[in-house]
Amino acid sequence: MQKSWDIFCNVIDNFGDIGIAWRLARGLVREHDLAARLWVDDLRAFQRIWPAVDVNADQQICEGVVICAWRTPFSLVEPAQVVVEAFGCALPESYLTAMSEQSPRPVWINLEYLSAEPWVAGHHGLPSPHPRLPLTKYFFFPGYTPDTGGLLVEADFDDQRTAFLKSGVTDYWRGFGLNAPQADELRVSLFAYENPALPGLLDAWAGDAHAMTCLVPEGRVIPQLVAWLDVHTLAAGDVHQRGALRLQVLPFSDQDTYDHLLWACDLNFVRGEDSCVRAQWASHPLVWQAYPQAGQAHWDKLNALLAHYTAPMDATAAQAVKHMWQVWNGMPGPDMAVCWAEWRAQQGAIESHAGVWPDHLRLAGKLTGKLVEFAENTLK
Ligand code: TRH
């Protein structure tokens, strides 16, 4: 019989929580033929990354996934056989009680945030008994090594990317009024939080020896661009030229179309965890802005991924990547102008590394498959 899954997602901030929960739910249905319900407490945030979502519907089906509005108080439903709590969002008490009354009891998994930090492998799969109810929650940690829960990626990812680059990319650029890139032009996507390092980077791009095109999906970084450009407003479709830099604002797209931007650009500035992983799979160089945490805890996360990502690179190219990522994240380092010059000088080596990096990512295994296997083994 087809196994049933419930995934609970509480949108705390931004699009990463729902972005990951949605990828997982789609993967379970499409690649593992499972019945998945996705409970989301903020359908508006969901609609930004998946416009087909009806924000007023209590229940709807998208891509084979049953999407349920997670309301408080929670109307009681029969729990699924596998229950995924995304990022420690507390499950409704009534639902937990119903889980404890099931026979057999559902497998209860907390899907954690992704990190390349070394402690992750030691915590992956650990059980935690509920203090009162006869239930055990298991911690499932995504990660970059085989002894973790692996990384989200679709089974047909390579085919999709290859097909797009072969026959979709020209139309994609045309949709934004752009021709194919000129020789020596660098196309960059910029998905970022507010960032004090941004003006320095834009200055460096404006002064670059070659044409630079920066494509910015609408979002939190726009006010800083307004200030740097010294304009009154900036909206999707607007284009401004400053020196070598052509800056163009794009509409925020659906999650699959955002991949096209990452595949089409030569360099991607990304943020959070989901776009960071997508940019790595895209086989192009990336610069990651980690989600800011109290006490600069995100710097440890950043350095852990940097260490892993640059390990196969030669020292000079690795240094250029480290400086750029660290300064972009507010860590001490050279001026942005120096970071950009170093990056440009090592561009060839950085691009070659990015091109083969997905082979390293694959060693970690696919998260959806590993999660299904984990649940099956726990159900036995
Ligand atoms: O939006 P984020 O900053 O989400 C963050 C992080 O996940 C962070 O770790 C978490 O703690 C915090 O939320 C609460 O960045 P992230 O993770 O890259 O997610 C962005 C999602 O938005 C991703 O699924 C891609 C999607 N997206 C689109 O669908 N269309 C777009 O145009 C763009 C730019 C992104």
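1. A residue counts as near the ligand if one of its heavy atoms lies within 4 Å of it. In this predicted model, 22 residues are around the ligand, and Tyr193, Ser253, Arg271, Asp274 and Ser275 come nearest.

2. Polar contacts to oxygen atoms of the ligand include one from the side chain of Tyr193, where a polar atom lies at 2.4 Å. For Asp274, an N or O atom of the side chain is 2.6 Å from a ligand oxygen. Arg271 takes part through its backbone, with a polar atom 2.8 Å from an oxygen of the ligand. On its own the ligand has 710 Å² of accessible area, and the protein covers 98% of that.

3. Turning to cavities, a search of the whole structure gives three of 30 Å³ or more. The largest holds about 110 Å³ of space. Its lining consists of 13 residues, with Ile20, Leu114, Pro142, Leu152 and Leu367 nearest the centre. By class, nine of the lining residues are nonpolar, one is polar and three are charged.

4. Where does the largest cavity lie with respect to domain 1 and domain 2? It lies between them, because domain 1 (4-151 + 364-379) and domain 2 (157-362) both contribute residues to its lining.

5. The second largest cavity has about 70 Å³ of space. Arg23, Arg26, Gly27, Arg30, Glu31, Leu152, Val153, Glu154 and Thr368 line it. Helix H1 (residues 16-32) contributes the most to this lining, with five residues. The class count for the second largest cavity is five charged, two polar and two nonpolar residues.

6. Leu152 deserves a note of its own: it is among the residues nearest the centre of the largest cavity, and it also lines the second largest cavity.

Key
Residues numbered from 1 in each chain as written. Predicted model: local features only at pLDDT ≥ 70, side-chain atom pairs only at ≥ 80, totals over all residues. Heavy atoms only, no water. 1 Å grid on protein atoms, 1.4 Å probe; cavity = no way out; pocket = protein on both sides within 12 Å on 5 of 7 lines; lining within 4 Å. Points joined across faces, edges and corners; volume = space filled by probe spheres on them. Nonpolar A, V, L, I, M, F, W, Y, C, P; charged D, E, K, R; others polar. Domains from an automatic or database assignment. Helix = DSSP H or I, 4+ residues; strand = E, 2+ residues; numbered from the N terminus. Polar contact = N/O pair within 3.5 Å; in protein donor to acceptor, adjacent residues only side chain to side chain. Areas by Shrake-Rupley, 256 points an atom, 1.4 Å probe, with all protein chains shown as cover.
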